[in-house]
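The following exercises are to be worked with the sequence and the coordinates at hand. Each task is followed by a stepwise solution.

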Amino acid sequence: MSPPKGLLQIENLSLEIGGVPVLKDVDLAIERGEVMGLVGESGSGKSMTALTIMQLLPHAARARGSVIFDGIDILAATEDQMCALRGDDIGMVFQEPMTALNPVKTIGGQVAEGIRWHTRVSRAEAEDRARQILDRVGLPEAKFPLSRYPHELSGGQRQRVVIAIACALKPKLLIADEPTTALDVVLQAQILDLLRDLVAENRMGLLLISHDLAVVTEMADRITILRHGEVMEAGETARVLSEQEHPYTRQLAQASMHVPRRKETAIGRWAIGSREGSDNVRLPTADLPTAIPLLSVQSISRLYPGRRTSLFRRDAPVHAVDDVSFTIAPGQSVALVGRSGCGKSTLARMILALDKPSSGEIRFRGETITGRSEADLKPARRDMQVVFQDPYGSFDPRQKVEKLVAEPLHLLEAQPSPAERRDMVVHALREVGLSETDLNKYPHEFSGGQRQRLSIARALITRPRLIVADEPVSALDVSIRAQVLDLFADLNDRLGVAYLFITHDLTVARAITDEVMVMHDGRIVERGPTPSVLDSPRSEAAQALVAAAPDLHRALAKKIREQG
Amino acid sequence: MTAYLLKRIAIAIATLVLASLVVFAVLEIVPGDPARLMLGMNASAEQVEQLRTQMGLNDPLLLRYLHWAGDLLTLDLGRSLTYSVPVLDLVRERVAVSLPLALIALALSAVIAIPVGLYSASRRGHAGDTLAMGAAQIGVAIPNFWFALMLIYLFAVWLRLVPAGGFPGWGNGIWPALKSLLLPAVALALPQAAILARVTRSALIDVLNEDYIRTARAKGLPYRAVLWQHALRNAMIPVLTILGLQFAFLLAGTIIIENVFYLPGLGRLVFQAITQRDLIVVESVVMLLVAAVIAVNLIVDLSYAIVDPRLRGRE
């Protein structure tokens, strides 16, 4: 064994969990003050590498090879030695900020706990230090006293608390496992800035794990690309990504920048032509080629009662959606973008008639759907379907594909016979690139991308005119995501289905939409043709989104300048 | 927090009123004229009618309910038909046995079950867990009176540590009274503890899979500290729910154990009153039990809010 050089030295690491190989001969090294990006698709072993360093693997895991951290052989360390390292010399930040904090303990208590455990200082002193680090991560005392509970904070704020816990004792190594994947782009940029600053301040090593090549390119000095538990390529970020020597690196980079080939629709051509008016909101209603828009939303609002401050008093009601109007023409593909909490999901729920507007009216194919009974809504529900974000959670695991995909058929006027029903399911499956042989499978037999295809098939089976898709690709790996985006583009071309894509990811908007609406604080602050809004945003909200959105081209160009 | 509290209290009062209506209605429906019963079969129709008027049995229904409810609230429970003593005295005597018995059994159940659940959850799948859960399975399956008989045989007949049955009353010192409640409490607690241990274990296993447990481990806390400081409190909600239900059962559902140990408890009182058609005693005890169960549920609701800060902001 060669003597340890840097901060962390992983050599020939192989890992099996319950006899299943997870990692094969992984090599990885991190120096002090260096950011190492670990990239790969889900199941490639990124998180398991991190958990091996932390020795927080499942019981059935068996690791071989060598992991040397700061002169300590991690694989041979006792649990007591690991407890001394974790949280002190090695900190870790996890993907899901909403569930990473204990809901029954205050944030101050949770930050102070690790400090007290490792340094044995008094409770008062630990709280003092907790206060300092919370200040440092951007949660000042005045607004975020130590006595706050996690449920009183937003996702981005909670992630700051998790970072405070991990960095409280100035660790030598910070492991961040998809730290911004669950956050919107603006929060993501803020959290990445914070991590970068902490690295610079403390000469900390950072192992940044992500599936997002653009994020890693922005952050990392060197990157390691992992696939099926094996290192495909490793080296300086600029060199690896500009030369793309390894075919898999090229594949990943291309998938990340993938834009589906789309036929220019009538609407798309029209939209690019119209840019008049000084107002930020470029309303196209008057110019529409068709007389009746497919969907027309007329000044709808949704109010939620304010927080109860005492028994008889409430805060003013919150406008989740505030006087929003827009139209979607048949066959048009529109993106609704905005930060989390801006009201885009509430708006989508009202369009799908899953929630009632407080005021205003929604018309679908010329008929109002607000305030209708379920029975009256059937035709509208048939022509308007939905695809959700999570392809894992949106299927009943105990039902077969045939039944799952056929679900919306109860909306039809004439109920099909079992044979017709089967034909329709097969047709819908073919439409999304699956086959007849999949009819009798259960959801768990499909990969994430295939499952998202299933939910698209389910949405297509009633031949809808509009599909509302809520973050349909954000849970998918880049290569699968490219395929699903292609599928959406293809269906739009062939079947003329209109889309309303709800997303915080501007690359999705750019890839498959004609128009973009930017939502901020419940209002639509900007609307226009996709390229013009994304290239020269006018409103502050749109500018913030565009500036924060990670972009592989831009990030790579910058890295190449830095690293030569 | 105040809003949550007031709402829970309002619900408890509404439940109590509803329950009293049901009890009153059932007593109206059951056949048998209390006046006839009091006077015996030989009384004349006029005598019965006179007593009915005197007892207010001929008043309109609503008035009778209000009268009855008012009496309950002022603890004027009337006189038992068969024992010929005020019902309040009768109930008070029995509660002095049943309440301590239930509390001891509940405490034993919690003290046995929570550590066993913790142990099992933390050693999930290992021999210790299998053994503990096997024992719990047996504990759930075996009826408590069987435990009672075994306990009597072992501790009263063989070792002669405690009396085999009977209750000396609290007047003769606390220790003898406690001693005679000990075996019945253990017999009651064992099956309850078995159920509670299983609930604790499964609640903990759910919690141990949560992300914040991993965060706590990544802080460097040893496994035991994570278990006690992070997992246990989050697993308390289902445990408290079951504890509340168990207390209700232990207060009233102990007839068999009371019979095995010759304890003058509430369960036996209700049983005897029902067989002897002593409806005044039945209604009083039933209302008392209803009130007790509602009070326990209220306490459980409030303890949820203590355990989980997210509930405090709710209405």
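**Exercise 1. A covered strand in chain A**

In strand β19 of chain A, V516(A) is the residue opposite A335(A). The model is a predicted one, in which local features need pLDDT of at least 70, side-chain atom pairs count only at pLDDT 80 or more, and totals for chains, interfaces and linings use all residues. Residues are numbered from 1 along each chain as its sequence is written, with chains lettered from A and ligands numbered from 1 in the order in which they are written.

Task: determine which strands pair with β13(A), and state how its faces are covered.

Solution.
- Step 1. Strands (E, at least two residues) and helices (H or I, at least four) are DSSP runs numbered from the N terminus, and two strands pair if DSSP finds at least two bridges between them.
- Step 2. β13(A) runs parallel to β19 (residues 515–520) of chain A, with four bridges.
- Step 3. With β18 (residues 498–503) of chain A, β13(A) is also parallel, and five bridges join the two. Here V337(A) lies opposite T503(A).
- Step 4. A residue is buried if 20 or more other C-beta atoms, placed from the backbone, lie within 10 Å of its own; it is exposed if 12 or fewer do, and partly exposed in between. By this criterion five of the five residues of β13(A), residues 333–337, are buried.
- Step 5. In a regular strand, side chains alternate between the two faces of the sheet. On one side of β13(A) are S333(A), A335(A) and V337(A), on the other V334(A) and L336(A), and all are buried.

**Exercise 2. The six-stranded sheet**

Task: give the strand order of the open sheet of six strands in chain A, and explain why one side of β6(A) and of β10(A) is left without a neighbour.

Solution.
- Step 1. The order is β6-β7-β8-β3-β9-β10, and the pairing is mixed.
- Step 2. β6 (90–93) and β10 (230–236) of chain A each have a single partner strand because they stand at the edges, so one side of each lacks a neighbour in the sheet.
- Step 3. From one strand to the next the twist averages 15°.
- Step 4. β6(A) pairs with β7 (residues 173–177) of chain A in the parallel sense, over four bridges; G91(A) has L174(A) in β7(A) as its bridge partner.
- Step 5. Helix α9 (residues 247–256) of chain A packs on the sheet and touches β9 (222–227) and β10 of chain A. The direction of α9(A) makes about 95° with that of β9(A), where axes are lines fitted to C-alpha atoms, for helices over the stretch in contact, and angles run from 0 to 180 degrees between N-to-C directions.

**Exercise 3. Domains of chain B**

Task: describe how domain 1 of chain B meets domain 2 of chain B.

Solution.
- Step 1. Chain B comprises 15 helices and zero strands.
- Step 2. Its domain 1 covers 2–73 and its domain 2 covers 94–312, bounds that come from an automatic or database domain assignment. Their centres, taken over C-alpha atoms, are 34 Å apart.
- Step 3. Residues are in contact if their C-beta atoms, placed from the backbone, lie within 7 Å. On this basis 15 residues of domain 1 of chain B touch 14 residues of domain 2 of chain B.
- Step 4. α1 (2–29) and α2 (34–39) of chain B are the elements giving two or more residues to the domain 1 side; the largest share, 11 residues, comes from α1(B).

Terms used
Contact = placed C-beta atoms within 7 Å.
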